[in-house]
Amino acid sequence: MKIAVIGTGNVGSTLAIALQKAGHQIHPGVRSTKSFSGMDKILAAGLGPRLIADAVGLSDVIILSTPAPAAVDAARELGDTTGKVIIDTMNVVGGRGPAGYENTATAVLENTRTTDVVKCFNTTGYENMANPQYAQGAIDMFIAGDSKRGKEIAARLAKDIGFGELYDLGGNDKFTLIEQLANVWIDLAIMQGYGRDMAIKIIRRSV
Ligand SMILES: NC(=O)c1ccc[n+]([C@@H]2O[C@H](COP(=O)([O-])OP(=O)(O)OC[C@H]3O[C@@H](n4cnc5c(N)ncnc54)[C@H](OP(=O)(O)O)[C@@H]3O)[C@@H](O)[C@H]2O)c1
């Protein structure tokens with residue numbers, strides 16, 4: 001799959017490298033090709049950074065991993081997203097998000113030309129995206145959004161980098177809920193001190 005990764009910090013650079021290893025064609029999209037977050041990791045992996053709209057133009061799928069308050073600006077900087085799938089990894093944390101929006105994906109939907117916006121890869125730390133394998137098995141990932149196509153693609157990408165079960169939380173009306181699930185992980189890992197080597201796994205009595 002041809003994937004633009006916009007935001008090359010903790011999450012973006014980790015997903016870019018993991019997805020490249022899984023065989024996908026990755027185009028990191030940056031504001032300046034001379035200096036950007038994760039530069040050493042991205043270049044060491046042999047990935048070629050491009051300006052954001054150029055990376056988007058070469059791709060069918062866009063992973064958006066900027067800070068939540070930048071969601072509107074970042075969405076507008078993508079250029080023409082008609083027909084493309086956007087996977088939003090962002091979270092409003094501590095009330096810091098895009099002004100006027102309850103969650104980031106709604107902001108992205110309202111400021112881009114695609115209706116295929118889904119949330120995935122937002123509910124766990126980037127270290128778990130680099131390595132979703134624990135002694136107890138592969139950890140779970142969660143998705144939400146109205147776009148069936150977007151969720152199928154996000155689920156496949158999550159599987160490709162080693163996540164276990166994919167749980168579908170529902171449609172666009174669950175964008176805020178899936179960010180709240182991320183905030184549960186953040187609270188446990190950071191505020192309550194359990195540490196970032198921790199993940200959420202659903203267990204079921206019968207499958
Ligand atoms: N950290 C985690 O473990 C984690 C896990 C799940 C979800 N998340 C969420 O994922 C998002 C990214 O987190 P992170 O930790 O990867 O952040 P980060 O390391 O601070 O990286 C942020 C990236 O966003 C870029 N950026 C900032 N404003 C932009 C704009 N207006 N247009 C385009 N790019 C812009 C930065 O570009 P420059 O390179 O130019 O500075 C940088 O590459 C956040 O919303 C966070 O809540 C984080």
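A pocket here is an open set of grid points with protein on both sides within 12 Å along at least five of seven lines, and a residue lines it if an atom lies within 4 Å of a point. With that in hand, we can walk through the spaces in this model, which is a predicted one.

## The ligand and its shell

Let's start with the ligand. Where does the ligand sit? It is found in the largest pocket. There are 27 residues around the ligand, and those that come nearest are Thr8, Val11, Ser37, Thr66 and Glu77.

Some polar backbone atoms face oxygen atoms of the ligand. Thr8 offers one at 2.8 Å from a ligand oxygen. For Gly9, the distance from a polar backbone atom to an oxygen of the ligand is 3.4 Å, and for Asn91 it is 3.5 Å. How much of the ligand does the protein bury? On its own the ligand would expose 910 Å², and the protein buries 80% of that.

Three helices each bring at least two residues to this shell: helix 1 (10-21), helix 4 (71-77) and helix 6 (126-130). Which of the helices gives the most to the shell? That's helix 4, with three residues. Sorted by class, the shell has 11 nonpolar residues, 12 polar ones and four charged ones.

## The largest pocket

Now for the pocket that holds the ligand. The volume of the largest pocket is about 580 Å³. Its lining counts 25 residues, and Val11, Thr89, Asn91, Val93 and Ile186 are the closest to the centre. Helix 1, helix 6 and helix 8 (175-191) are the elements that give two or more residues to this lining. Helix 8 tops the list by giving four.

Two of these names have come up already. Val11 is among the residues that come nearest to the ligand, and Asn91 has a polar backbone atom 3.5 Å from a ligand oxygen.

## The second largest pocket

Next comes the second largest pocket, with a volume of about 310 Å³. Of the 18 residues in its lining, Gly7, Thr8, Arg31, Thr66 and Pro67 are the closest to the centre. Thr8 and Thr66 should look familiar, as both are among the residues nearest the ligand. Strand 2 (25-30) and helix 4 are the elements that supply two or more lining residues here. The largest share is three residues, and it comes from helix 4.

## One cavity

How many cavities of 30 Å³ or more does the structure hold? Just one. The largest cavity takes in about 30 Å³ of space. Its lining is made by Thr123, Thr124, Asp140, Phe142, Trp185, Ala199 and Ile200.

## The linings by class

Here is how the residues of each lining divide up.

| Space | Nonpolar | Polar | Charged |
|---|---|---|---|
| Largest pocket | 13 residues | 10 residues | two residues |
| Second largest pocket | seven residues | eight residues | three residues |
| Largest cavity | four residues | two residues | one residue |

To pull the picture together, helix 4 gives the most to the shell around the ligand and also the largest share of the lining of the second largest pocket. For the lining of the largest pocket, that role goes to helix 8.

Methods:
Residues numbered from 1 in each chain as written. Predicted model: local features only at pLDDT ≥ 70, side-chain atom pairs only at ≥ 80, totals over all residues. Heavy atoms only, no water. Near = heavy atom within 4 Å. Polar contact = N/O pair within 3.5 Å; in protein donor to acceptor, adjacent residues only side chain to side chain. Areas by Shrake-Rupley, 256 points an atom, 1.4 Å probe, with all protein chains shown as cover. 1 Å grid on protein atoms, 1.4 Å probe; cavity = no way out; pocket = protein on both sides within 12 Å on 5 of 7 lines; lining within 4 Å. Sits in = over half its atoms within 2 Å of the grid points. Nonpolar A, V, L, I, M, F, W, Y, C, P; charged D, E, K, R; others polar. Points joined across faces, edges and corners; volume = space filled by probe spheres on them.
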